[in-house]
Amino acid sequence: MVKLVKIVTHHEKPQRAAELMAEEGVIAVGWARSESIVDKTKDEILQQLIDEGVPNPEWGASQLITFRDEIQVGDIIIAYATRNRVALIGEVISEYKFDNKNRVGNPDGEIDYPNQREVLWWDAPRNFHRNFLPEDLKNLVATPGTIRILDYDLDVQKFKEDLKKIAEAVKSQDMIIGVTGEDEIHKYLINHLDELEEGLTFKQSEYGVSVGSIDIVAEDKRGLPVVLEVKVKADDSAIGQLLGYLQAYEEEINAGNVRGLIVAESFTERCKKAAKRVGIDLYQCRKIFKFSKLDL
């Protein structure tokens with residue numbers, strides 16, 4: 001089974017390390033630098049790191065074992081350059097090797113990462129914000145750890161199709177960024193509800209009912225009332241909250257057929273399942289920068 005593995009390129013020189021790894025066709029890590037760990041046990045690696053004066057040698061030994069033994073030829077590497085950037089993505093094509101001669105592993109070079117695996121780095125996309133990744137993956141790549149085998153059900157063909165779309169978006173210089181809070185989404189929606197649905201019109205904001213305050217009340221093109229709840233990250237509790245608002249609003253206006261929508265930057269899987277069960281529509285909110293060169 002092909003695994004998806006996140007490896008941080010470097011904690012001090014992430015972009016430069018990524019450039020060198022792309023040129024050398026490797027993914028690499030440090031810790032053990034005096035000699036190869038190819039045939040060593042974990043205890044032997046630990047002792048080597050202690051002898052080399054490596055901080056937190058237990059952690060380093062564990063990460064090296066993962067790098068050497070748990071990553072397999074054919075696995076997919078996401079080279080994460082920290083600061084929310086994915087530098088490279090590619091396929092592992094070799095077993096572990098110790099190379100202190102190339103520009104990545106040379107002890108007198110910029111990186112000094114001699115523990116390496118050869119990788120066939122894909123041409124595109126490269127150097128893009130992690131928010132371009134599929135919703136269920138973008139936060140996984142930012143989880144702690146230099147090396148992390150991601151708990152992700154990888155469909156390689158679909159993943160490659162997703163990457164083609166990302167490459168097109170990156171080429172057009174669209175940068176997706178995170179919203180700063182619910183208020184930002186809320187204020188934007190008041191004047192742009194038709195971007196959710198054609199014919200959706202604003203009626204009232206912060207509408208008070210017996211169980212709380214509805215973020216936005218609107219009306220769709222058929223004249224039916226619509227209740228909107230705004231979140232940054234919506235979990236299944238948002239469904240319960242919205243259902244309460246819907247019931248209270250229907251009782252207040254003495255009418256049925258009130259629709260419910262949730263607008264958020266991200267949704268948990270439980271939220272998606274619950275929304276599908278009760279017929280609530282979910283809309284994902286993304287914010288982008290668009291860049292264009294000025295004619296001077």
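# A walk through the structure, starting at Arg117

In this predicted model, a polar atom in the side chain of Arg117 sits 3.0 Å from the backbone oxygen of Ile71. That is a good place to start. Arg117 belongs to strand S6, and its side chain also reaches the backbone oxygen of Phe67, at 2.7 Å. Is Arg117 buried or exposed? With a relative accessibility of 0%, Arg117 counts as buried, because the cut-off for that word is anything under 20%. Setting aside neighbours within four places in sequence, the residues in contact with Arg117 include Gly25, Val26 and Ile27, then Phe67, Arg68, Ile71, Gln72 and Val73, and also Val92, Ser94, Glu95 and Tyr96.

One of those contacts, Arg68, leads us to the salt bridges. Arg68 and Asp69 join their side chains in a salt bridge, with N and O 2.8 Å apart. Arg68 is buried at 13% relative accessibility, whereas Asp69 is partly exposed at 37%.

Strand S6, the home of Arg117, takes part in another pairing. It runs over residues 115-121 and holds Glu118, which forms a salt bridge with Lys97; here the closest N and O atoms are 3.2 Å apart. Lys97 lies in strand S5, residues 97-98, so this salt bridge links distant parts of the chain, with the two positions 21 residues apart in sequence. Both partners are partly exposed: Lys97 has a relative accessible area of 24%, and Glu118 has 30%.

How many salt bridges does the structure hold? There are 19. Some of them share partners, and in this way Glu197, Asp220, Arg222, Arg259 and Asp281 are joined into one network. Within this network, Arg222 pairs with Asp220, their closest N and O atoms being 3.2 Å apart. The two partners sit in opposite settings: Arg222 is exposed, at 59% relative accessibility, but Asp220 is buried, with a relative accessible area of 4%.

Another member of the network, Glu197, is found in the loop between H6 and S10. Glu197 counts as buried, at 16% relative accessibility. Beyond residues up to four places away in sequence, Glu197 touches Asp220, Arg259, Leu261, Asp281 and Tyr283. With Tyr283 there is also a polar contact between the two side chains, at 3.1 Å.

From that loop we can step back to helix H6 itself, which spans residues 182-192. Which residues of H6 are buried? They are Ile185, His186 and Leu189. Looking down the axis of H6, these buried residues fall within an arc of 100 degrees, so they line one face of the helix. The general geometry of helices helps here: an α-helix has 3.6 residues a turn, so residues three or four places apart point the same way. On the other side of H6 we find Asp183, Lys187 and Asn191, which are exposed. What do the buried residues of H6 pack against? Their partners are four strands: S10 (201-209), S11 (212-219), S12 (225-230) and S14 (259-264).

Now for the cysteines. How many disulfides does the structure hold? It holds zero. A disulfide is a covalent bond between the sulfur atoms of two cysteines. The sulfur of Cys271 has its closest cysteine sulfur in Cys285, 15 Å away, and this is too far for a bond because a disulfide needs the two sulfur atoms within 2.5 Å. Cys285 is likewise in no disulfide, with the sulfur of Cys271 as its nearest. Both cysteines are buried: Cys271 has a relative accessible area of 0%, and Cys285 has 18%.

Finally, let us look at the chain as a whole. It contains eight helices and 17 strands. Of its 296 residues, 48% are buried. Its radius of gyration is 25 Å, whereas a compact globule of 296 residues would have one near 19 Å. Along the principal axes, the C-alpha atoms fill a box of roughly 75 × 55 × 35 Å. Contacts across the sequence are plentiful in one particular sense: among contacts with a separation of 6 or more, 63% are between residues 24 or more positions apart. The salt bridge between Lys97 and Glu118 is an example of a link between distant parts of the chain.

Key:
Residues numbered from 1 in each chain as written. Predicted model: local features only at pLDDT ≥ 70, side-chain atom pairs only at ≥ 80, totals over all residues. Heavy atoms only, no water. Buried < 20%, exposed > 50% of the residue type's maximum accessible area, 1.4 Å probe, protein only. Salt bridge = Lys/Arg side-chain N within 4 Å of Asp/Glu carboxyl O. Arc of directions from axis to C-beta. Contact = heavy atoms within 4.5 Å. Polar contact = N/O pair within 3.5 Å; in protein donor to acceptor, adjacent residues only side chain to side chain. Rg over C-alpha atoms; globule rule 2.2 N^0.38 Å.
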